[in-house]
Amino acid sequence: MTERVVQVEHLSRQFGKTTALNDVSLTLEPGLVYGLVGANGAGKTTLIKHLMGLLRAKHGSVKVFGVDPVREPVNVLSRIGYLSEQRDLPEWMQIDEMLEYLSAFYPAWDRAYVAELLETFALDASKKVKQLSKGMRAQAGLIAAVAHHPELLLLDEPSTGLDAVVRKDILNAVIRAVADNGRTVLFSSHLLDEVELMSDHVFMINQGKLVLEGSLEDIREQHQVLSVRFDSCNQSLPKIDGILAAERHGKQWHVVCNGNQAHVRQTLADVGGQVEHLRTASLQEIFVARVGRARQSEEG
Amino acid sequence: MQHLYNKHEVPVHIELSVRDGVPIYRQIVNQVRYLIASGQLDVGDELPPIRSLAQQLQVTPNTIVKAYDTLHAEGLLVKRHGSGTFVSEQASPLRKSEQRRILTQRADALLAEARQLNFSFAEVLELLEKRQTALDRIHSMEKRHD
């Protein structure tokens with residue numbers, strides 16, 4: 001059996017009255033790219049902070065490389081690379097000073113790789129962090145995150161607010177870590193097309209709960225979009241098990257369903273609905289169907 | 001036969017869509033098959049390494065691994081340890097059947113659509129003949145201009 005990179009069991013976390021994580025269990029296996037999706041405030045960052053040992057597991061347990069990251073921070077953090085949306089870097093340092101400073105903490109620091117990335121990104125290493133644009137800041141943060149070839153790369157909304165060029169730089173570093181060194185990557189994103197292309201496995205989190213997880217292929221196979229036509233415009237859709245979301249366009253309904261498809265089709269046929277078209281759902285459609293609705297009920 | 005796998009790396013043009021419901025690795029498999037069937041990839045041509053194709057398409061490397069493994073299992077690609085992935089010799093006789101397979105898919109799609117639009121099979125045949133005549137006419141006109 002392969003060693004698990006991460007094992008989270010029944011992790012719950014409360015901040016005051018807000019439930020940030022609710023009984024989350026998940027495992028990460030080596031060599032795969034995991035996409036973490038959820039609305040803002042769903043609990044993604046809280047989960048990642050637990051993996052880094054920045055938050056202590058109060059209910060449930062967190063193991064990274066087989067140990068508790070809070071108890072053995074040096075051991076764990078030296079094998080993790082982390083890039084956050086905030087990219088909290090020391091403002092007063094030059095890029096080269098910052099990288100030099102960081103290299104002291106990591107025995108595996110790869111100077112040649114750092115030089116290569118600086119050149120690829122055309123970054124002037126003598127610039128101070130506070131002088132950097134948003135994109136350059138992300139690039140500097142990325143170099144700092146991957147220079148020691150971490151076994152686990154944690155990226156918290158790495159693409160937020162960045163142009164296509166810098167997003168590509170980040171994804172290329174992820175691809176390289178996985179393709180060349182068999183590393184494990186967990187990245188959270190609200191860009192679902194990006195997640196759909198870049199992940200092997202997806203975790204969908206909503207209001208602190210893991211609502212869906214699986215290999216991207218399985219998830220997509222389990223969710224279909226049906227186009228259903230009724231003779232009358234007034235036909236309302238019956239409540240059917242397995243229908244996650246439905247949207248009306250005149251006589252036509254777009255229905256996202258999962259589970260027992262034969263049952264859904266039969267029940268629709270019983271009320272006069274004719275299934276005209278059927279295809280696998282995209283991650284975007286699955287997300288809106290599962291999380292969009294929950295959010296509406298929360299607001300409403 | 002070493003010369004056959006001549007390290008002639010060919011850039012492959014592949015376009016992916018997350019909207020058409022086909023798994024990404026499947027889309028890659030289908031398009032590489034098409035490139036081989038249409039002769040754009042030849043026996044002995046080297047395919048891009050996993051990392052570079054993943055970076056070109058901005059997909060997880062494991063998707064490329066899966067696509068190459070599938071094509072390898074089908075006999076279209078061969079892996080040379082330590083050097084790369086190449087179009088296999090077996091791909092050559094497969095080409096004709098591959099072409100037939102692609103055309104069969106198109107024919108099936110056409111027939112399915114015809115049925116949905118209530119065209120009879122005879123009408124479809126008639127339409128095909130008409131189009132062939134029209135294309136022949138255009139073709140001969142172009143020739144005259146050359």
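This is a guided tour of a predicted model, with a suggestion at each stop for what to select next.

**Stop 1: chain A as a whole**

Start by selecting chain A and showing it as a cartoon. You will find 10 helices and 13 strands in chain A. Its C-alpha atoms fill a box of roughly 70 × 40 × 40 Å, taken along the principal axes. Chain A has 300 residues, and 39% of them count as buried. Now think about how the chain folds back on itself: among contacts between residues at least 6 apart in sequence, 71% join residues at least 24 apart.

**Stop 2: the sheet of six strands**

Next, select residues 80-84 of chain A, which form β5, and residues 209-215, which form β9. These two strands belong to an open sheet of 6 strands in chain A, with the order β5-β6-β7-β3-β8-β9 and mixed pairing. Why is one side of β5(A) and of β9(A) left without a neighbour in the sheet? Both stand at the edges and each has a single partner strand, so there is no neighbour on the other side. On average, neighbouring strands of this sheet are turned by 15 degrees against each other, direction ignored.

Zoom in on β5(A) and add β6(A), residues 152-156. The two strands pair in the parallel sense, over 5 bridges. For one example, click on A:Y82: its bridge partner in β6(A) is A:L154.

**Stop 3: two helices on this sheet**

Keep the sheet visible and add residues 134-146 of chain A (helix α5) and residues 164-181 of chain A (helix α6). Helix α5(A) lies across β5 and β6 of chain A, running at about 165 degrees to β5(A). Helix α6(A) also packs on the sheet, where it touches β3 (33-37), β6 and β7 (184-188) of chain A. The direction of α6(A) makes about 155 degrees with that of β7(A).

How do the two helices sit against each other? Helices α5(A) and α6(A) pack at an angle of about 10 degrees, and their axes are 9 Å apart. Because the angle is that low, α5(A) is roughly parallel to α6(A). To see the contact itself, show side chains for A:G135, A:A138, A:Q139, A:L142 and A:V146 on α5(A). On α6(A), do the same for A:V166, A:D169, A:I170, A:A173 and A:A177. By class, the residues of this contact divide into 7 nonpolar, 2 polar and 1 charged.

**Stop 4: the nonpolar core**

In soluble globular proteins, nonpolar side chains tend to be buried together. Here, the largest nonpolar core has 102 residues. Select A:I143, A:L153, A:L154, A:V174 and A:V185, which have the most contacts inside this core. Which element gives the most to the core? That is α6(A), with 9 residues.

Now centre the view on A:V185. Leaving aside its neighbours within four places in sequence, A:V185 is in contact with A:V33, A:Y34, A:L153, A:L155, A:V174, A:A177 and A:V178.

**Stop 5: the sheet of four strands**

Move along chain A and select residues 243-249 (β11) and 274-280 (β13). They are the edge strands of an open sheet of 4 strands, whose order is β11-β12-β10-β13, with antiparallel pairing. Its neighbouring strands are turned by 20 degrees against each other on average, direction ignored.

You can walk across this sheet pair by pair:

- β11(A) and β12(A), residues 252-258, run antiparallel and are joined by 6 bridges; look for A:E247 opposite A:H254.
- β10(A), residues 223-229, is joined to β12(A) by 7 bridges; here A:V225 stands opposite A:V256.
- β10(A) and β13(A) are joined by 6 bridges; the partner of A:R229 is A:Q274.

**Stop 6: where chain B meets chain A**

Finally, switch on chain B. The contact takes 14 residues from chain B and 21 residues from chain A. On the side of chain B, the elements that give two or more residues are α2 (50-57) and α3 (61-73). Helix α2(B) provides the largest share of that side, 4 residues. By class, the side of chain B has 7 nonpolar, 5 polar and 2 charged residues.

Stay with α2(B) and select B:I50, B:L53, B:A54, B:Q55 and B:L57, which are buried. What covers them includes α6 of chain A, a helix you met earlier, together with α3 of chain B. End the tour at B:Q58, just after α2(B), which takes a positive phi of about 55 degrees.

Conventions: Residues numbered from 1 in each chain as written. Chains lettered and ligands numbered in written order. Predicted model: local features only at pLDDT ≥ 70, side-chain atom pairs only at ≥ 80, totals over all residues. Axes fitted to C-alpha atoms, helices over the stretch in contact; angles between N-to-C directions. Parallel < 35°, antiparallel > 145°, perpendicular 65-115°, else oblique. Contact = placed C-beta atoms within 7 Å. Nonpolar A, V, L, I, M, F, W, Y, C, P; charged D, E, K, R; others polar. Pairing = 2+ DSSP bridges. Buried ≥ 20, exposed ≤ 12 C-beta atoms within 10 Å, placed from the backbone. Core = buried A, V, L, I, M, F, W, Y, C linked by C-beta atoms within 7 Å.
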